[in-house]
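Got the model open in your viewer? Let's walk through it stop by stop, with something to select each time.

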Amino acid sequence: MKYRYDFEYVKNYCDTTSISERNNFNDEVGIAIVGHVRHAEEISYFYKGLKNVVFIVDHDADANLVNKLKESGINVIENTRPTNTGFYNVNPQCSSSYAAAKYLKSIGKKYMIRMRSDQIILQLHTFIQNFKFDKLGFLSYINQKTPHPMAHAFDEFNDLISEQYKIDKSTMDLSYCYVMDYCITGPIEDMLVFYNYYEEGAFPAPAEHKLLLNYLANKQMQIKNSYDYIVENFYLILGVMAKIDVDFIMIKQNYTNWSVCLKQDSPEIYSF
């Protein structure tokens, strides 16, 4: 595994690995791509011929790029972007991810990998063959070692969850650490709960914190986000990828391989 790749490396992998091999994974798993379409060329090349792939695009996305996605065989679904975006686009993220889960459920899929449109799991079939999908999986756990600049917003949102769901705040065990939502896996039914979120205002706390608490409350689980609690109840994706030599490539970061670089650059922050 390398720290960084490039598009030629990805193309070579696609050209030298048969479609039948790359499609050799559980047919109950669907792949959902959400976000902008500016990487349509790379995404189209990588997913051409792969089964169970849907890309949720904004209704006003560039038509030429959308056509490129369709020509590769990707199922493209238009979604109306919420006018109220919430803090850091949390509402559009949830709207598109929820739409993807609904679509995959409608075609009979039970599990889902939710990807951003600037990411590639290179050995996708190997990952699916070796990963469990019976509960939600998050990319990594983020250890917030220093005072969080959004601490007041965390606290305000915690109060909101306590009030909205009638939860005794003394039973909530929360820090300013949180899970990373760049890629999420799991049962589609759980995805529909996780992404069933819309904020009227704009709480300046990470979306990952807000969506996790909302999920825990809806599932009537303990409102807690310690590392031990997370690994007891969820999966951490990058840990599995690193063990089985699967590359998680960030296109917009010059094809940096997060299966390697996060532990190499910041092991004190990212736990998986």
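Start by selecting tyrosine 88, which sits in the loop between E3 and H5. This is a predicted model, so treat every value on the tour as computed from predicted coordinates. Is tyrosine 88 buried or exposed? Tyrosine 88 is exposed, with a relative accessible area of 64%. Check its backbone too: phi is near 55°, a positive value in a residue that isn't glycine. Most residues other than glycine have a negative phi.

For another case like that, jump to lysine 166, in the loop between helix H7 (151–164) and strand E7 (178–187). Phi of lysine 166 is likewise positive, near 55°. Its relative accessible area is 73%, so lysine 166 counts as exposed.

Now go back and select helix H5, residues 90–106. How far apart are its end C-alpha atoms? They are 24 Å apart, which agrees with the 24 Å that 17 residues should span at 1.5 Å a residue. Show the side chains and pick out the buried residues of H5, among them Val90, Cys94, Tyr103 and Leu104. To see what covers those buried residues, turn on strands E1 (29–34), E2 (53–58), E3 (75–79) and E4 (111–116). Helices H8 (188–194) and H9 (207–218) are also part of that cover. Just after H5, click on glycine 108, where phi is positive at about 90°.

Keep E2 and E3 on screen. Five bridges join these two strands, which run parallel. One place to look is phenylalanine 55, which stands opposite valine 76 in E3. Add helix H4 (residues 63–71), and you have a right-handed β-α-β unit made of E2, H4 and E3.

Next stop: another sheet. Select E5, E9 and E10, three strands that form an open sheet in the order E5-E9-E10, with antiparallel pairing. Strand E5 (119–121) and strand E10 (256–257) stand at the edges with a single partner strand each, so one side of each has no neighbour in the sheet. How many bridges join E5 to strand E9? There are three, and E9 covers residues 248–250. Glutamine 119 stands opposite methionine 250 in E9.

While you're in E9, pick isoleucine 249, which belongs to that strand. Isoleucine 249 is buried, with a relative accessible area of 0%. Beyond its neighbours within four places in sequence, isoleucine 249 is in contact with residues including Tyr5, Val10, Gln119, Leu122 and Tyr255. For a sense of distance, draw a line from isoleucine 249 to lysine 109: they are 140 residues apart in sequence and 25 Å apart in space, C-alpha to C-alpha.

Time for the core. Which members of the largest nonpolar core touch the most other members? Among its 95 residues, they are Tyr47, Ile113, Ile121, Phe127 and Phe248. Zoom in on phenylalanine 127: leaving aside neighbours within four places in sequence, its contacts include Ile113, Ile121, Phe133, Ile237 and Met241.

Finally, zoom out to the whole chain, with its twelve helices and eleven strands. The C-alpha trace spans about 55 × 40 × 30 Å along its principal axes. The radius of gyration is 18 Å, which agrees with the value near 19 Å for a compact globule of 272 residues. Buried residues make up 54% of the chain. Of the contacts between residues at least 6 apart in sequence, 73% join residues at least 24 apart.

How values were computed. Residues are numbered from 1 along each chain as its sequence is written. This is a predicted model: local features need pLDDT of at least 70, side-chain atom pairs count only at pLDDT 80 or more; totals for chains, interfaces and linings use all residues. Side-chain values use heavy atoms; hydrogens and water are left out. Two strands pair if DSSP finds at least two bridges between them. Helices (H or I, at least four residues) and strands (E, at least two) are DSSP runs, numbered from the N terminus. The expected span of a helix is 1.5 Å times one less than its number of residues. Buried means under 20% relative accessible area, exposed over 50%, partly exposed in between (1.4 Å probe, protein chains only). Contact means heavy atoms within 4.5 Å. A crossover is right-handed if, with the strands pointing away from the viewer, the path from the first strand over the helix to the second runs clockwise. A nonpolar core is a set of buried Ala, Val, Leu, Ile, Met, Phe, Trp, Tyr and Cys residues joined through side-chain atoms within 4.5 Å. The radius of gyration is taken over C-alpha atoms; the globule rule is 2.2 Å times the number of residues to the power 0.38.
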